[in-house]
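Reader: I should like to learn how the main features of a protein model are read. May we work through one example together?

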Amino acid sequence: MEDDAWLDLVGISADPPNRRDKCEKCKRPVVVCWCPALPHPPEAVASQIVILQHPAEEKRSLRTALMLQLGLEPGKCVVYKGKRFPNHRNHADLQKILDSPQTLLLYPSRDSVPLEEVDHSAGPYTLVLIDGTWPQAKAIYASSPALHRLRQVKLIAVGISDYIIRTQPTEGCLSTLETAAQCLAVLESRPELRQTLVRPLHTLCKYQLDNGAVEHQSKEFLLKSNQYPKPIGKRLSRLLRNTACDGNEET
């Protein structure tokens, strides 16, 4: 028995096992790479998107912020990570952005105004997005006083998410990519931008669905159709109530 175990041990290769080749850009295995769906060349826009990303988002295997970075010209989408902003890692660069009168924060507060009503001729603007779940986004906002001083905007006509392999809380919830693409379409007065920038997400979802994934409905849809499998929690209940008050429940 000991001799057999020793032979098994010495038979193990010292070289690491072969892994699937990965794309240099999206870092996904080549067979599931969505880079061919990116705009070529990357889209040139006057506006800039700044994403404040909660650290937990980095662990998601299907995150969409990278799609936006690769779909736009270099420097037009910048990602900062943390739980409060600015912080010691990004203070110098981010503080200048937050101090600029041309910076807007996409956040659904009582003071936010529709992005569609902002004077676009006064641009270009820098639009700040918070990337995380709704509780994470609220926590980032609460712990970042610098964000409270920014002009706050919101999207009115958001539609339904194309990120159909992930369950969204409500019908009006969009992925980071979709939100930014919709905002840029408004700010740049180029409606086609949303479709162009979101194309990699369509490619990703199609691959997943073709290989066994199932299409997800939002929790709001499941609740309205009596298909939600478990009791509704307080947080989701508040989110649905706030959505109805904002007038997005019709979407």
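The dialogue below takes up the overall make-up, the sheet, the core, two helices and the aromatic rings.

Reader: What kind of model is this, and how many helices and strands are in the protein chain?

Author: The model is predicted. The protein chain holds nine helices and six strands. Of its 251 residues, 42% are buried. The chain exposes about 14500 Å², of which carbon and sulfur atoms supply 53%. Among contacts with a separation of 6 or more, 70% are between residues 24 or more positions apart.

Reader: In what order do the six strands lie in the sheet, and is the pairing parallel or antiparallel?

Author: The sheet is open, its order is E2-E1-E5-E3-E6-E4, and the pairing is parallel. E2 and E4 stand at the edges with a single partner strand each, so one side of each has no neighbour in the sheet.

Reader: How many bridges join E5 to E1, and how many join E5 to E3?

Author: E1 and E5 pair over six bridges in the parallel sense, and three bridges join E3 to E5, also parallel. On the E1 side, Gln-48 stands opposite Thr-126 of E5. On the E3 side, Thr-103 has Thr-126 as its bridge partner in E5, while Leu-104 stands opposite Leu-127.

Reader: Are the two faces of E5 covered or uncovered?

Author: Both faces are covered: Thr-126, Val-128 and Ile-130 are buried on one side, and Leu-127, Leu-129 and Asp-131 on the other. In total, six of the six residues of E5 are buried.

Reader: Which residues have the most contacts inside the largest nonpolar core?

Author: That core has 37 residues, and those with the most contacts inside it are Ile-49, Leu-68, Leu-115 and Leu-127. The elements that give two or more residues to the core are strands E1 (48-53), E3 (103-106) and E5 (126-131), together with helices H2 (65-71), H6 (176-187) and H7 (192-210). H6 gives the most, with eight residues. A second, separate core of 17 residues includes Phe-85, Ile-130, Ile-140 and Ala-146.

Reader: What does Ile-49 touch, leaving out residues up to four places away in sequence?

Author: Ile-49 touches Leu-68, Lys-76, Cys-77, Val-78, Leu-127, Leu-129, Ala-180 and Leu-184.

Reader: How should one read the pattern of burial along a helix?

Author: An α-helix has 3.6 residues a turn, so residues three or four places apart point the same way. In helix H3 (residues 91-99), the buried residues are Leu-94, Gln-95, Ile-97 and Leu-98. They cover an arc of only 160 degrees around the axis, which puts them on the same side of H3. Ala-92, Asp-93, Lys-96 and Asp-99, on the other side of H3, are exposed. The buried residues of H3 pack against E1, strand E2 (77-81), E3, E5 and helix H5 (145-148).

Reader: Which residues of H4 are buried, and what covers them?

Author: The buried residues of H4 are Gln-136, Ala-137, Ile-140 and Tyr-141. Seen down the axis, they fall within an arc of 135 degrees, so they line one face of H4. Their cover includes E3, E5, H5 and strand E6 (151-154).

Reader: Is Tyr-80 buried or exposed, and what is it in contact with?

Author: Tyr-80 lies in strand E2 and counts as buried because its relative accessibility is 12%, against a cut-off of 20%. Leaving aside neighbours within four places in sequence, Tyr-80 is in contact with Val-50, Ile-51, Leu-52, Gln-53, Phe-85, Asn-90, Asp-93, Leu-94 and Ile-97. The C-alpha atoms of Tyr-80 and Asp-93 are separated by 9.8 Å, and these residues are 13 residues apart along the chain.

Reader: How is a pair of aromatic rings described, and how many such pairs are found in the whole structure?

Author: A pair of aromatic rings is described by the distance of the centres and the angle of the planes. A search of the whole structure finds two aromatic pairs. One of them, Tyr-107 with Tyr-141, is stacked, at 4.2 Å centre to centre and 15 degrees between the planes. The pair links distant parts of the chain, 34 residues apart: Tyr-107 is in the loop between E3 and strand E4 (113-114), and Tyr-141 is in helix H4 (residues 134-142). Both Tyr-107 and Tyr-141 are buried. Together with Trp-134, Tyr-107 and Tyr-141 form one aromatic cluster.

Notes
Residues are numbered from 1 along each chain as its sequence is written. This is a predicted model: local features need pLDDT of at least 70, side-chain atom pairs count only at pLDDT 80 or more; totals for chains, interfaces and linings use all residues. Side-chain values use heavy atoms; hydrogens and water are left out. Helices (H or I, at least four residues) and strands (E, at least two) are DSSP runs, numbered from the N terminus. Buried means under 20% relative accessible area, exposed over 50%, partly exposed in between (1.4 Å probe, protein chains only). Contact means heavy atoms within 4.5 Å. Accessible areas come from the Shrake-Rupley method with a 1.4 Å probe; for residues, only the protein chains shown count as cover. A nonpolar core is a set of buried Ala, Val, Leu, Ile, Met, Phe, Trp, Tyr and Cys residues joined through side-chain atoms within 4.5 Å. The arc is that of the directions from the helix axis to the C-beta atoms. Rings of Phe, Tyr and Trp (its six-membered ring) pair if their centres lie within 6.5 Å; planes under 30 degrees apart count as stacked, over 60 as edge-to-face and the rest as tilted. Two strands pair if DSSP finds at least two bridges between them.
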